[in-house]
Amino acid sequence: MVKYECPCGYVYDPAEGDPGNGIAAGTAFEDLPDDWVCPVCDAEKEFFEKAD
């Protein structure tokens with residue numbers, strides 16, 4: 001699965017999910033809820049870019 005990076009530097013890794021916000025491991029970035037935001041800086045999903 002593809003990782004996505006926030007402008008603040010946080011990387012969303014689908015293998016880890018975001019357990020602190022109720023996102024299970026294995027959840028693809030595209031399957032995150034529309035209201036999910038970066039757990040570090042609260043940026044919305046639209047600001048994330050695919051990580052290299």
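This section describes the fold, the core and selected residues of a predicted model.

The protein chain has 0 helices and 3 strands. Along the sequence, the pattern reads β-β-β. The radius of gyration is 10 Å, close to the 10 Å that the globule rule gives for 52 residues, so the protein chain is as compact as a globular protein of that length. Taken along the principal axes, the C-alpha atoms fill a box of roughly 25 × 20 × 15 Å. The accessible surface of the protein chain is about 3500 Å². Carbon and sulfur atoms account for 47% of that surface. Of the 52 residues, 35% count as buried. Long-range contacts were also counted. Among contacts between residues at least 6 apart in sequence, 41% join residues at least 24 apart.

The 3 strands form an open sheet. Their order is β2-β1-β3, and the pairing is antiparallel. Strands β2 and β3 stand at the edges, each with a single partner strand, so one side of each has no neighbour in the sheet. Strand β1 covers residues 4-5 and is joined to β2 by 2 bridges. In this antiparallel pair, Glu5 stands opposite Val11 of β2.

On the other edge strand, Glu49 belongs to β3. Glu49 has a relative accessible area of 58% and is therefore exposed, the cut-off being over 50%. Beyond its neighbours within four places in sequence, Glu49 is in contact with Lys3, Tyr4 and Glu5. Two of these partners, Tyr4 and Glu5, fall within the residue range 4-5 of strand β1. Glu49 and Glu16 are separated by 33 residues in sequence. Their C-alpha atoms lie 18 Å apart.

The largest nonpolar core holds 11 residues in all. Its aromatic members are Tyr4, Tyr10, Tyr12, Phe29, Trp36 and Phe48. Ile23, Leu32 and Ala43 also take part, as do Cys6 and Cys38. In soluble globular proteins, nonpolar side chains tend to be buried together. Trp36 touches several other members of this core: Tyr10, Tyr12, Ile23, Phe29 and Phe48. Asp18, Glu44 and Lys45 are further contacts of Trp36. These contacts exclude residues up to four places away in sequence.

Two cysteines of the core were examined in turn. Cys38 is found in the loop between β2 and β3. Its relative accessibility is 0%, so Cys38 counts as buried. Leaving aside neighbours within four places in sequence, Cys38 is in contact with Cys6, Cys8, Tyr10, Ala43 and Phe48. Cys38 and Gly22 are 16 residues apart in sequence. In space, the C-alpha atoms of that pair are 13 Å apart. Cys6 lies in another loop, the one between β1 and β2. Cys6 has a relative accessible area of 3% and is buried. With neighbours within four places in sequence left aside, Cys6 is in contact with Cys38, Cys41, Ala43 and Phe48. Ala43 and Phe48 thus appear among the contacts of Cys6 and among those of Cys38. Cys6 and Lys45 are 39 residues apart in sequence, with 8.3 Å between their C-alpha atoms.

Thr27 also sits in the loop between β2 (11-12) and β3 (49-50). At 18% relative accessibility, Thr27 counts as buried because the value is under 20%. The side chain of Thr27 reaches the backbone oxygen of Ala24 at 2.7 Å. Met1, Tyr12, Pro14 and Leu32 are touched by Thr27, residues up to four places away in sequence not being counted. Of these, Tyr12 and Leu32 are members of the largest nonpolar core.

Asp42 is likewise placed in the loop between β2 and β3. At 57% relative accessibility, Asp42 counts as exposed. The backbone at Asp42 has a phi near 70°, a positive value in a residue other than glycine. Most residues other than glycine have a negative phi.

Methods: Residues are numbered from 1 along each chain as its sequence is written. This is a predicted model: local features need pLDDT of at least 70, side-chain atom pairs count only at pLDDT 80 or more; totals for chains, interfaces and linings use all residues. Side-chain values use heavy atoms; hydrogens and water are left out. A nonpolar core is a set of buried Ala, Val, Leu, Ile, Met, Phe, Trp, Tyr and Cys residues joined through side-chain atoms within 4.5 Å. Buried means under 20% relative accessible area, exposed over 50%, partly exposed in between (1.4 Å probe, protein chains only). Contact means heavy atoms within 4.5 Å. Helices (H or I, at least four residues) and strands (E, at least two) are DSSP runs, numbered from the N terminus. A polar contact is a pair of N or O atoms within 3.5 Å; within protein, one must be able to donate a hydrogen and the other to accept it, and residues adjacent in sequence count only if both atoms are side-chain atoms. The radius of gyration is taken over C-alpha atoms; the globule rule is 2.2 Å times the number of residues to the power 0.38. Accessible areas come from the Shrake-Rupley method with a 1.4 Å probe; for residues, only the protein chains shown count as cover. Two strands pair if DSSP finds at least two bridges between them.
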